[in-house]
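Q: I've got a model open and I'd like to learn how to read it. Can you walk me through a few features?

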Amino acid sequence: MVHTAFITHNDCSKHDMGDFHPESPARLGAINDRMIAGGLMPCLEHHEAPLADRRQIERVHSATHVENIFSASPRRGMVHLDPDTAMNPHTLTAALGAAGAAVLGVDLVLQGKAQNAFCGVRPPGHHAERDRPMGFCFFNSVAVAAAHALEHYGLERVAILDFDVHHGNGTENIFRNDPRVLFCSTFQHPFYPYQGADTVSDHIINIPLRAGTDGAGFRDAISERCIPAFDAFSPQLILISAGFDAHREDPLAHLRLVEADYAWVTGAMVTLAGRHCGGALVSVLEGGYNVDALGRSVTEHVRMLAGV
Ligand SMILES: [Zn+2]
(Lines give C-alpha, C1' and ligand atoms only; values in the text may rest on other atoms or scores of the structure.)
Protein backbone atom coordinates (compact mmCIF):
# COMPACT_ATOMS: atom_id res chain seq x y z
CA MET A 1 0.00 0.00 0.00
CA VAL A 2 1.29 3.45 -0.94
CA HIS A 3 0.78 6.08 1.74
CA THR A 4 0.62 9.79 2.23
CA ALA A 5 3.96 11.14 3.44
CA PHE A 6 4.13 13.80 6.16
CA ILE A 7 7.45 15.60 5.92
CA THR A 8 8.95 18.19 8.23
CA HIS A 9 12.32 19.29 9.59
CA ASN A 10 13.18 19.72 13.26
CA ASP A 11 14.51 23.27 12.79
CA CYS A 12 11.21 24.47 11.28
CA SER A 13 9.99 24.90 14.87
CA LYS A 14 13.12 26.82 15.94
CA HIS A 15 12.83 29.62 13.37
CA ASP A 16 11.33 32.46 15.42
CA MET A 17 10.81 36.09 14.43
CA GLY A 18 9.71 37.36 17.86
CA ASP A 19 6.90 36.87 20.34
CA PHE A 20 4.35 38.96 18.47
CA HIS A 21 5.05 37.75 14.94
CA PRO A 22 2.08 35.84 13.46
CA GLU A 23 4.37 33.45 11.55
CA SER A 24 5.23 31.64 14.77
CA PRO A 25 6.51 28.21 15.83
CA ALA A 26 3.11 27.68 17.49
CA ARG A 27 1.65 27.14 14.01
CA LEU A 28 3.39 23.78 13.59
CA GLY A 29 2.58 22.81 17.16
CA ALA A 30 -1.12 23.43 16.55
CA ILE A 31 -1.04 21.34 13.37
CA ASN A 32 0.69 18.52 15.19
CA ASP A 33 -1.74 18.60 18.13
CA ARG A 34 -4.83 18.68 15.94
CA MET A 35 -3.62 15.86 13.69
CA ILE A 36 -2.88 13.70 16.74
CA ALA A 37 -6.32 14.48 18.21
CA GLY A 38 -7.93 13.63 14.86
CA GLY A 39 -6.22 10.22 14.84
CA LEU A 40 -4.48 11.04 11.60
CA MET A 41 -0.83 10.48 12.51
CA PRO A 42 -0.86 6.65 12.28
CA CYS A 43 -2.25 6.93 8.74
CA LEU A 44 0.83 8.81 7.51
CA GLU A 45 4.45 7.93 6.78
CA HIS A 46 6.64 10.36 8.67
CA HIS A 47 9.87 11.70 7.23
CA GLU A 48 12.50 14.12 8.52
CA ALA A 49 13.56 16.24 5.56
CA PRO A 50 17.16 16.57 4.41
CA LEU A 51 18.40 20.13 3.88
CA ALA A 52 18.07 21.28 0.29
CA ASP A 53 21.48 21.81 -1.25
CA ARG A 54 22.56 25.03 -2.93
CA ARG A 55 22.35 23.51 -6.40
CA GLN A 56 18.66 22.71 -5.80
CA ILE A 57 17.97 26.21 -4.45
CA GLU A 58 19.87 27.91 -7.27
CA ARG A 59 17.59 26.33 -9.87
CA VAL A 60 15.08 29.02 -8.88
CA HIS A 61 17.07 31.70 -7.03
CA SER A 62 20.07 33.74 -8.15
CA ALA A 63 23.41 32.83 -6.59
CA THR A 64 23.48 36.36 -5.19
CA HIS A 65 20.18 35.86 -3.37
CA VAL A 66 21.32 32.54 -1.93
CA GLU A 67 24.64 34.03 -0.81
CA ASN A 68 22.83 36.99 0.77
CA ILE A 69 20.63 34.66 2.86
CA PHE A 70 23.56 32.47 3.89
CA SER A 71 25.69 35.45 4.87
CA ALA A 72 22.85 37.21 6.73
CA SER A 73 22.32 34.20 9.01
CA PRO A 74 23.16 35.39 12.56
CA ARG A 75 25.08 33.41 15.18
CA ARG A 76 22.90 34.94 17.87
CA GLY A 77 20.01 37.36 18.10
CA MET A 78 17.89 38.36 15.17
CA VAL A 79 18.56 40.17 11.90
CA HIS A 80 15.75 41.80 9.87
CA LEU A 81 15.77 41.49 6.07
CA ASP A 82 12.62 43.58 5.79
CA PRO A 83 10.17 44.86 8.44
CA ASP A 84 8.23 41.52 8.37
CA THR A 85 11.00 39.05 7.65
CA ALA A 86 13.78 38.21 10.08
CA MET A 87 16.36 35.51 10.69
CA ASN A 88 17.40 33.93 13.98
CA PRO A 89 20.24 31.37 14.23
CA HIS A 90 17.87 28.56 13.11
CA THR A 91 16.19 30.31 10.19
CA LEU A 92 18.69 29.28 7.53
CA THR A 93 18.44 25.57 8.29
CA ALA A 94 14.66 25.86 8.71
CA ALA A 95 14.36 27.41 5.24
CA LEU A 96 16.73 24.81 3.76
CA GLY A 97 14.76 22.07 5.54
CA ALA A 98 11.47 23.44 4.20
CA ALA A 99 12.80 23.38 0.64
CA GLY A 100 14.39 19.99 1.29
CA ALA A 101 11.02 18.66 2.45
CA ALA A 102 9.44 19.76 -0.82
CA VAL A 103 12.26 18.08 -2.78
CA LEU A 104 11.87 14.87 -0.76
CA GLY A 105 8.11 14.99 -1.40
CA VAL A 106 8.78 15.07 -5.14
CA ASP A 107 11.27 12.22 -4.84
CA LEU A 108 8.83 10.04 -2.86
CA VAL A 109 5.85 10.51 -5.18
CA LEU A 110 7.77 10.34 -8.46
CA GLN A 111 9.61 7.20 -7.32
CA GLY A 112 6.33 5.58 -6.29
CA LYS A 113 7.29 5.46 -2.61
CA ALA A 114 4.31 7.61 -1.59
CA GLN A 115 1.02 8.40 -3.25
CA ASN A 116 1.23 12.04 -2.24
CA ALA A 117 2.91 14.18 0.40
CA PHE A 118 2.29 17.07 2.76
CA CYS A 119 5.21 19.20 3.90
CA GLY A 120 4.42 20.67 7.33
CA VAL A 121 7.15 23.27 7.22
CA ARG A 122 8.00 26.89 7.92
CA PRO A 123 9.18 29.46 6.96
CA PRO A 124 6.76 29.66 4.03
CA GLY A 125 8.18 30.33 0.58
CA HIS A 126 5.76 31.61 -2.04
CA HIS A 127 6.61 35.33 -1.71
CA ALA A 128 10.35 34.71 -2.22
CA GLU A 129 11.31 35.89 -5.70
CA ARG A 130 14.32 34.87 -7.76
CA ASP A 131 16.38 37.71 -6.33
CA ARG A 132 14.85 38.65 -2.98
CA PRO A 133 13.30 37.40 0.27
CA MET A 134 9.91 38.90 1.09
CA GLY A 135 6.84 38.54 3.29
CA PHE A 136 8.10 35.95 5.84
CA CYS A 137 9.75 33.95 2.98
CA PHE A 138 13.42 33.21 2.20
CA PHE A 139 13.56 30.35 -0.32
CA ASN A 140 10.58 29.43 -2.50
CA SER A 141 10.08 25.79 -1.51
CA VAL A 142 7.28 24.99 -3.94
CA ALA A 143 9.31 26.49 -6.79
CA VAL A 144 12.37 24.46 -5.72
CA ALA A 145 10.13 21.35 -5.83
CA ALA A 146 8.82 22.19 -9.30
CA ALA A 147 12.32 22.83 -10.64
CA HIS A 148 13.51 19.53 -9.12
CA ALA A 149 10.73 17.68 -10.95
CA LEU A 150 11.55 19.44 -14.21
CA GLU A 151 15.34 19.26 -14.10
CA HIS A 152 16.09 16.07 -12.15
CA TYR A 153 13.19 13.93 -13.41
CA GLY A 154 12.79 15.56 -16.83
CA LEU A 155 9.12 16.29 -16.39
CA GLU A 156 7.61 18.59 -19.01
CA ARG A 157 4.44 19.77 -17.27
CA VAL A 158 4.08 20.67 -13.58
CA ALA A 159 0.96 22.45 -12.29
CA ILE A 160 0.94 24.53 -9.10
CA LEU A 161 -2.18 25.65 -7.25
CA ASP A 162 -1.61 28.38 -4.66
CA PHE A 163 -4.71 28.88 -2.50
CA ASP A 164 -3.00 31.03 0.13
CA VAL A 165 -4.93 34.28 0.64
CA HIS A 166 -1.91 36.21 -0.64
CA HIS A 167 -0.86 36.12 -4.29
CA GLY A 168 2.10 33.79 -4.90
CA ASN A 169 4.20 36.56 -6.42
CA GLY A 170 7.48 34.75 -5.90
CA THR A 171 6.34 31.64 -7.74
CA GLU A 172 4.98 33.76 -10.59
CA ASN A 173 8.22 35.75 -10.71
CA ILE A 174 10.30 32.56 -10.94
CA PHE A 175 8.23 30.80 -13.61
CA ARG A 176 6.97 33.82 -15.56
CA ASN A 177 8.87 32.71 -18.66
CA ASP A 178 8.64 28.93 -18.19
CA PRO A 179 5.54 27.42 -19.86
CA ARG A 180 6.43 23.99 -18.41
CA VAL A 181 4.82 25.30 -15.21
CA LEU A 182 1.11 26.10 -15.04
CA PHE A 183 0.60 28.41 -12.07
CA CYS A 184 -2.84 29.15 -10.64
CA SER A 185 -3.20 31.52 -7.67
CA THR A 186 -6.36 32.54 -5.84
CA PHE A 187 -5.90 35.59 -3.62
CA GLN A 188 -7.60 38.47 -1.90
CA HIS A 189 -7.34 41.63 -4.03
CA PRO A 190 -6.47 44.37 -3.53
CA PHE A 191 -4.18 43.12 -0.77
CA TYR A 192 -0.54 42.32 0.01
CA PRO A 193 1.66 41.80 -2.05
CA TYR A 194 -0.34 44.02 -4.47
CA GLN A 195 0.67 41.97 -7.51
CA GLY A 196 -0.88 39.52 -9.91
CA ALA A 197 -4.19 41.14 -10.79
CA ASP A 198 -3.08 42.30 -14.25
CA THR A 199 -0.70 39.51 -15.28
CA VAL A 200 -1.26 38.39 -18.88
CA SER A 201 0.11 34.90 -19.57
CA ASP A 202 -1.19 31.67 -21.03
CA HIS A 203 0.39 29.62 -18.23
CA ILE A 204 -0.37 31.87 -15.25
CA ILE A 205 -3.95 31.99 -14.00
CA ASN A 206 -4.42 34.63 -11.35
CA ILE A 207 -7.82 34.76 -9.69
CA PRO A 208 -8.30 37.88 -7.57
CA LEU A 209 -11.10 37.60 -5.00
CA ARG A 210 -12.77 40.52 -3.27
CA ALA A 211 -12.59 40.87 0.52
CA GLY A 212 -15.53 38.97 2.00
CA THR A 213 -15.54 36.22 -0.64
CA ASP A 214 -16.86 33.02 0.94
CA GLY A 215 -16.45 29.35 0.14
CA ALA A 216 -19.05 29.43 -2.63
CA GLY A 217 -17.19 32.19 -4.46
CA PHE A 218 -13.89 30.38 -3.97
CA ARG A 219 -15.29 27.07 -5.23
CA ASP A 220 -16.78 28.77 -8.29
CA ALA A 221 -13.41 30.33 -9.11
CA ILE A 222 -11.60 26.99 -8.80
CA SER A 223 -14.29 25.14 -10.77
CA GLU A 224 -14.60 27.65 -13.58
CA ARG A 225 -10.97 28.69 -14.10
CA CYS A 226 -8.51 26.41 -12.36
CA ILE A 227 -9.85 22.90 -12.94
CA PRO A 228 -10.45 23.32 -16.73
CA ALA A 229 -6.95 24.78 -17.12
CA PHE A 230 -5.40 21.87 -15.21
CA ASP A 231 -7.37 19.42 -17.38
CA ALA A 232 -6.20 21.10 -20.59
CA PHE A 233 -2.58 21.19 -19.35
CA SER A 234 -2.58 17.54 -18.19
CA PRO A 235 0.15 17.91 -15.56
CA GLN A 236 2.61 15.11 -14.75
CA LEU A 237 2.77 16.39 -11.16
CA ILE A 238 0.55 18.69 -9.09
CA LEU A 239 2.03 20.92 -6.39
CA ILE A 240 0.03 22.93 -3.88
CA SER A 241 1.14 26.09 -2.11
CA ALA A 242 -1.17 25.35 0.80
CA GLY A 243 -1.79 28.52 2.75
CA PHE A 244 -4.76 28.53 5.09
CA ASP A 245 -5.02 32.27 5.72
CA ALA A 246 -8.16 32.64 3.58
CA HIS A 247 -9.97 31.04 6.56
CA ARG A 248 -12.68 33.28 7.99
CA GLU A 249 -10.98 33.23 11.42
CA ASP A 250 -7.62 34.35 10.09
CA PRO A 251 -6.42 37.62 11.64
CA LEU A 252 -4.43 38.89 8.64
CA ALA A 253 -6.97 38.69 5.80
CA HIS A 254 -10.62 39.02 4.91
CA LEU A 255 -11.86 35.99 2.98
CA ARG A 256 -14.36 33.61 4.53
CA LEU A 257 -13.31 30.03 3.81
CA VAL A 258 -13.89 27.23 6.32
CA GLU A 259 -12.37 23.76 6.80
CA ALA A 260 -14.91 22.20 4.42
CA ASP A 261 -13.69 24.47 1.62
CA TYR A 262 -10.12 23.28 2.13
CA ALA A 263 -11.33 19.68 2.11
CA TRP A 264 -13.23 20.38 -1.11
CA VAL A 265 -10.35 21.99 -2.99
CA THR A 266 -7.99 19.24 -1.79
CA GLY A 267 -10.41 16.60 -3.07
CA ALA A 268 -10.58 18.41 -6.40
CA MET A 269 -6.77 18.36 -6.68
CA VAL A 270 -6.58 14.69 -5.66
CA THR A 271 -9.12 13.91 -8.40
CA LEU A 272 -7.13 15.88 -10.98
CA ALA A 273 -3.92 14.15 -9.93
CA GLY A 274 -5.64 10.78 -10.27
CA ARG A 275 -6.90 11.68 -13.73
CA HIS A 276 -3.62 13.01 -15.12
CA CYS A 277 -0.59 11.80 -13.18
CA GLY A 278 -1.28 8.65 -11.22
CA GLY A 279 -2.13 10.68 -8.13
CA ALA A 280 1.26 12.42 -7.89
CA LEU A 281 0.74 15.46 -5.67
CA VAL A 282 2.93 17.33 -3.18
CA SER A 283 1.50 20.00 -0.90
CA VAL A 284 3.65 22.54 0.94
CA LEU A 285 2.44 24.66 3.86
CA GLU A 286 2.47 28.41 3.29
CA GLY A 287 0.39 30.83 5.48
CA GLY A 288 -2.37 30.49 8.08
CA TYR A 289 -2.17 32.61 11.21
CA ASN A 290 -5.06 31.69 13.49
CA VAL A 291 -3.32 28.64 14.92
CA ASP A 292 -6.53 26.86 15.91
CA ALA A 293 -8.16 27.35 12.49
CA LEU A 294 -4.84 26.37 10.89
CA GLY A 295 -4.71 23.09 12.82
CA ARG A 296 -8.28 22.22 11.88
CA SER A 297 -7.83 23.19 8.22
CA VAL A 298 -4.57 21.29 7.74
CA THR A 299 -6.13 18.23 9.35
CA GLU A 300 -8.95 18.28 6.79
CA HIS A 301 -6.46 18.89 3.98
CA VAL A 302 -4.27 15.94 4.97
CA ARG A 303 -7.31 13.75 5.64
CA MET A 304 -8.35 14.26 2.01
CA LEU A 305 -4.82 13.59 0.75
CA ALA A 306 -4.70 10.34 2.70
CA GLY A 307 -8.25 9.36 1.78
CA VAL A 308 -9.33 8.75 5.38
ZN1 LIG B 1 -0.53 34.16 3.01
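Q: Let's start with one residue: is T271 buried or exposed?

A: T271 counts as exposed, because it has 12 C-beta neighbours inside 10 Å. The cut-offs are 20 or more other C-beta atoms within 10 Å for buried, 12 or fewer for exposed, and partly exposed in between, with C-beta atoms placed from the backbone. This is a predicted model, where local features need pLDDT of at least 70, side-chain atom pairs count only at pLDDT 80 or more, and totals for chains, interfaces and linings use all residues. Residues are numbered from 1 along each chain as its sequence is written.

Q: Which residues have the most contacts inside the largest nonpolar core?

A: In soluble globular proteins, nonpolar side chains tend to be buried together. Here the largest nonpolar core has 100 residues, and A102, V144, A145, A146 and I238 have the most contacts inside it. (Such a core is a set of buried Ala, Val, Leu, Ile, Met, Phe, Trp, Tyr and Cys residues joined through C-beta atoms within 7 Å.) Helix α4, residues 91-110, gives the largest share, 14 residues; helices here are DSSP runs (H or I, at least four residues), numbered from the N terminus.

Q: How do the axes of α1 and α9 cross?

A: Two packed helices are described by the angle between their axes and the distance between the axes. For α1 (residues 26-37) and α9 (residues 291-306), the axes come within 8 Å and cross at roughly 50 degrees. (Axes are lines fitted to C-alpha atoms over the stretch in contact, with angles from 0 to 180 degrees between N-to-C directions.)

How values were computed
Helix = DSSP H or I, 4+ residues; strand = E, 2+ residues; numbered from the N terminus.
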